[in-house]
Amino acid sequence: MNHGPPHQAAEPATSTYTVLHDPEGLIEEQLPLDRHPYECLVKAVLAWTTQDTLTSCDYHQIALQLTGHARAVASDVRRHADRLSKGTGPRALAELVLQETDRCLTTPLRGTARCAQDRARAVRALYERLDRLEAALASEGSSRVAPAGT
């Protein structure tokens, strides 16, 4: 005979949330990346020497942060590259950088300086490509609106 407290039926979990359908990534495009802190982190990580000794957990956490940010920047690079004509140099280079980034980010995370530095290099390359794509888009846009006879 069980003399413990009576069992109560679990109440159904209730939560309210909104699901956004944004297949073109327009919401994400309108949110600017907070670039400065990550550029500082990249610079610091790439400056590490063999004398720098963090714990494996620290290296892992830094690599994880850089991985997440690399994915966000890669998304911006893809959006910008897709706005350029196929076969153009800037778009082709962006596609190469994105392929290399995908290879880097699909390797398992390790709690090592090398892993964090690989991801830092990916973030740096993505930002360099993003800047060049923005310049290419600006020049492409200005050439389209140039008045006739100039």
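The following exercises, each with a worked solution, concern a predicted model of a protein chain.

**Exercise 1. Describe the secondary structure of the protein chain and the extent of its burial.**

Solution. Begin with the elements: the chain has five helices and zero strands. Taken in sequence order, they give the pattern α-α-α-α-α. Next, consider burial: 28% of the 150 residues count as buried. The accessible surface is about 10700 Å², and carbon and sulfur atoms account for 56% of that area. Finally, consider how contacts are distributed along the sequence: of those between residues at least 6 apart, 76% join residues at least 24 apart.

**Exercise 2. Determine which helices supply the largest nonpolar core, and examine the surroundings of leucine 126.**

Solution. The largest nonpolar core comprises 29 residues, and Val45, Leu66, Val77 and Leu126 have the most contacts inside it. Two or more core residues come from each of helix H2 (35-46), helix H3 (56-82), helix H4 (89-106) and helix H5 (113-144). Helix H5 provides the largest share, eleven residues. Now turn to leucine 126. Once neighbours within four places in sequence are set aside, Leu126 contacts Ala70, Val73, Ala74, Val77, Val97, Leu98 and Thr101. As a general tendency, nonpolar side chains in soluble globular proteins are buried together.

**Exercise 3. Establish whether histidine 80 is buried or exposed, and identify its contacts.**

Solution. Histidine 80 belongs to helix H3. Its relative accessible area is 13%; because this falls under the 20% cut-off, histidine 80 is buried. A polar atom of its side chain lies 2.8 Å from the backbone oxygen of aspartate 76. With residues up to four places away in sequence excluded, histidine 80 touches Leu130, Leu133, Glu134 and Leu137.

**Exercise 4. Assess cysteine 115 for disulfide formation, and classify the burial of cysteines 57 and 115.**

Solution. A disulfide requires two cysteine sulfur atoms within 2.5 Å. The structure holds zero disulfides. For cysteine 115, the nearest cysteine sulfur is that of cysteine 104, 7.3 Å away, so the cut-off is not met and cysteine 115 is in no disulfide. As to burial, cysteine 115 has a relative accessible area of 6% and is therefore buried. Cysteine 57, at 61% relative accessibility, is over the 50% cut-off and therefore counts as exposed.

**Exercise 5. State the confidence of the model, and locate a stretch where the pLDDT is below 50.**

Solution. The mean pLDDT of the chain is 82, and 73% of its residues reach 70 or more. Over residues 145-150 the pLDDT is below 50. Beyond near neighbours in sequence, residues 145-150 have zero contacts in the model.

Conventions: Residues are numbered from 1 along each chain as its sequence is written. This is a predicted model: local features need pLDDT of at least 70, side-chain atom pairs count only at pLDDT 80 or more; totals for chains, interfaces and linings use all residues. Side-chain values use heavy atoms; hydrogens and water are left out. A nonpolar core is a set of buried Ala, Val, Leu, Ile, Met, Phe, Trp, Tyr and Cys residues joined through side-chain atoms within 4.5 Å. Buried means under 20% relative accessible area, exposed over 50%, partly exposed in between (1.4 Å probe, protein chains only). Helices (H or I, at least four residues) and strands (E, at least two) are DSSP runs, numbered from the N terminus. Contact means heavy atoms within 4.5 Å. A polar contact is a pair of N or O atoms within 3.5 Å; within protein, one must be able to donate a hydrogen and the other to accept it, and residues adjacent in sequence count only if both atoms are side-chain atoms. pLDDT is the predictor's confidence in each residue, from 0 to 100. Accessible areas come from the Shrake-Rupley method with a 1.4 Å probe; for residues, only the protein chains shown count as cover.
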